[in-house]
Amino acid sequence: MAQDTVTVDLGGRSVAVPKGGLYDRFRMDTDLDTVAADPRVSGVEFFRRLPKARVDSPIGPTLTPNFYYRIATARLTLTAPSRTIRRRLPAELSPLEIAPGLGLVSVMVFRYDVCDIDFYTEAAVGVAVRPARHGRFGFFDLVTGLKNEHLHSYVLSLPVSSDIAQVRGHDGYGFPKWVTELDVDIDAERTEARVANDRGETDLALAAATPRQTTHKTGDQVSSLTSYTTIGDAWHATLSQTNVLSAGSTTFPRGVDLRLGEGRLSDDLRSLDPRKPIRLDVMTEGQLALHMPVPISVREQEARK
């Protein structure tokens, strides 16, 4: 049964959103007590400590951060030759290497059950990069990155399942987003995802046993990700903060079924020449604060040294 929608304006673009959904009712200024009453959400304490600010953006005035109250995610990290990664990176960025000539690429899938812009799913192919402000490789960057404390990334593909997520992500954040059929199911037993191409066939699919989960109290395990994009001719950095509530990891995972088909996602992954899977991270429950991008200076003359 088709869901009723209403049309909203985002920076001059008309977008359909679910009628009576969180965006329709609150326009990013979501009432936390309303969210706390949702049985899918374990609590909203994490968000009460993150006040929102009104900012101007390419999609018009908006509030930041964008709050995600119940999410599940998976990331499969593989090694890849640094030379193939560099061919896909802008000149201002360089891959984070775990050994000379060896970098990291990731396939990621996301399920956002409750958030300010309503339910949607997402997938990504990205690469781990050195922090843009750093002129030299830092061992600290590698250690914190591998521990998932603060990753820095450049995304090649980021398909989503909803129009509002595409417009906000592409126009507002500078991410390479498009809308497609995208199924993500993550629970304590299995992690499965399928991304369709524009013909409805499989672009990319991922299936694996979910690693054993460890639960955390809200606020005890908060990780950060900085993603680099260009908006117009200027570089921007987007910070996301994840409140991990239940998650687990497997090193050198076995039995992971990663299937590449025909489409933009698989083409981008193939172009990186990925090799051995070295880690599978799955979060069956978490929360996210996604900040609007801010301008950042990068050091092109240092990035390739």
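Which residue does aspartate 281 meet through its side chain in a salt bridge? In this predicted model, the partner is arginine 279, with N and O 2.8 Å apart. The two ends of this bridge sit in unlike surroundings: aspartate 281 is buried, its relative accessible area being 8%, whereas arginine 279 counts as partly exposed at 24%.

The search for such charged pairs returned 21 salt bridges. One of them joins the side chains of arginine 86 and glutamate 97, at 3.9 Å from N to O. This pair links distant parts of the chain, as arginine 86 belongs to helix α4 (residues 82-88) and glutamate 97 to strand β6 (residues 97-99), 11 residues apart. Arginine 86 is partly exposed, at 33% relative accessible area, and glutamate 97 is also partly exposed, at 21%. A further bridge connects arginine 259 with aspartate 257, whose closest N and O atoms are 3.6 Å apart. Here arginine 259 has a relative accessible area of 45% and is therefore partly exposed; aspartate 257, at 35%, counts as partly exposed as well. Salt bridges also come together in a network, which links Asp198, Arg199, Glu201 and Glu262.

Turning to the interior, the largest nonpolar core comprises 35 residues, and Val105, Val127, Tyr154 and Tyr228 have the most contacts inside it. The element that gives the most to this core is strand β5 (residues 66-81), with 5 residues. A separate core of 31 residues lies apart from it, with Met108, Val160, Val244 and Leu288 among its members.

What surrounds valine 127, leaving aside its neighbours within four places in sequence? Its contacts are Ile85, Leu89, Leu104, Val105, His152, Ser153, Tyr154 and Leu272. The last of these, leucine 272, is placed in the loop between α7 (264-271) and β17 (277-290). Although it is a loop residue, leucine 272 is buried, with a relative accessible area of 0%. Not counting residues up to four places away in sequence, leucine 272 touches Ala80, Pro81, Thr84, Ile85, Arg88, Val105, Val125, Val127 and Leu156. Val105 and Ile85 thus appear in the contact list of valine 127 and also in that of leucine 272. Proline 65, by contrast, lies 207 residues from leucine 272 along the chain, and the C-alpha atoms of the two are separated by 32 Å.

Aromatic rings form a further set of interactions, with 10 pairs found in the whole structure. Phenylalanine 46 and phenylalanine 47 make an edge-to-face pair, with 5.3 Å between centres and 75° between planes. Both of these phenylalanines are buried, and together with Phe67 and Tyr69 they form one aromatic cluster. Tyrosine 154 and tryptophan 235 give a tilted pair, 6.5 Å centre to centre with 55° between the planes. Because tyrosine 154 lies in strand β9 (residues 150-157) and tryptophan 235 in strand β15 (residues 234-251), this pair ties together parts that are 81 residues apart in sequence. Tyrosine 154 counts as buried at 18% relative accessibility, and tryptophan 235 counts as buried at 10%.

Charged side chains are also found over aromatic faces. Lysine 52 lies over the face of phenylalanine 67, at 4.5 Å from the ring centre, and phenylalanine 67 is part of the cluster described above. Arginine 264 takes up a position over the face of tryptophan 178, at 3.6 Å from the ring centre.

Conventions: Residues numbered from 1 in each chain as written. Predicted model: local features only at pLDDT ≥ 70, side-chain atom pairs only at ≥ 80, totals over all residues. Heavy atoms only, no water. Core = buried A, V, L, I, M, F, W, Y, C linked by side-chain atoms within 4.5 Å. Buried < 20%, exposed > 50% of the residue type's maximum accessible area, 1.4 Å probe, protein only. Helix = DSSP H or I, 4+ residues; strand = E, 2+ residues; numbered from the N terminus. Contact = heavy atoms within 4.5 Å. Phe/Tyr/Trp six-rings, centres within 6.5 Å; stacked < 30°, edge-to-face > 60°. Lys NZ or Arg CZ within 6 Å of the ring centre and 35° of its normal. Salt bridge = Lys/Arg side-chain N within 4 Å of Asp/Glu carboxyl O.
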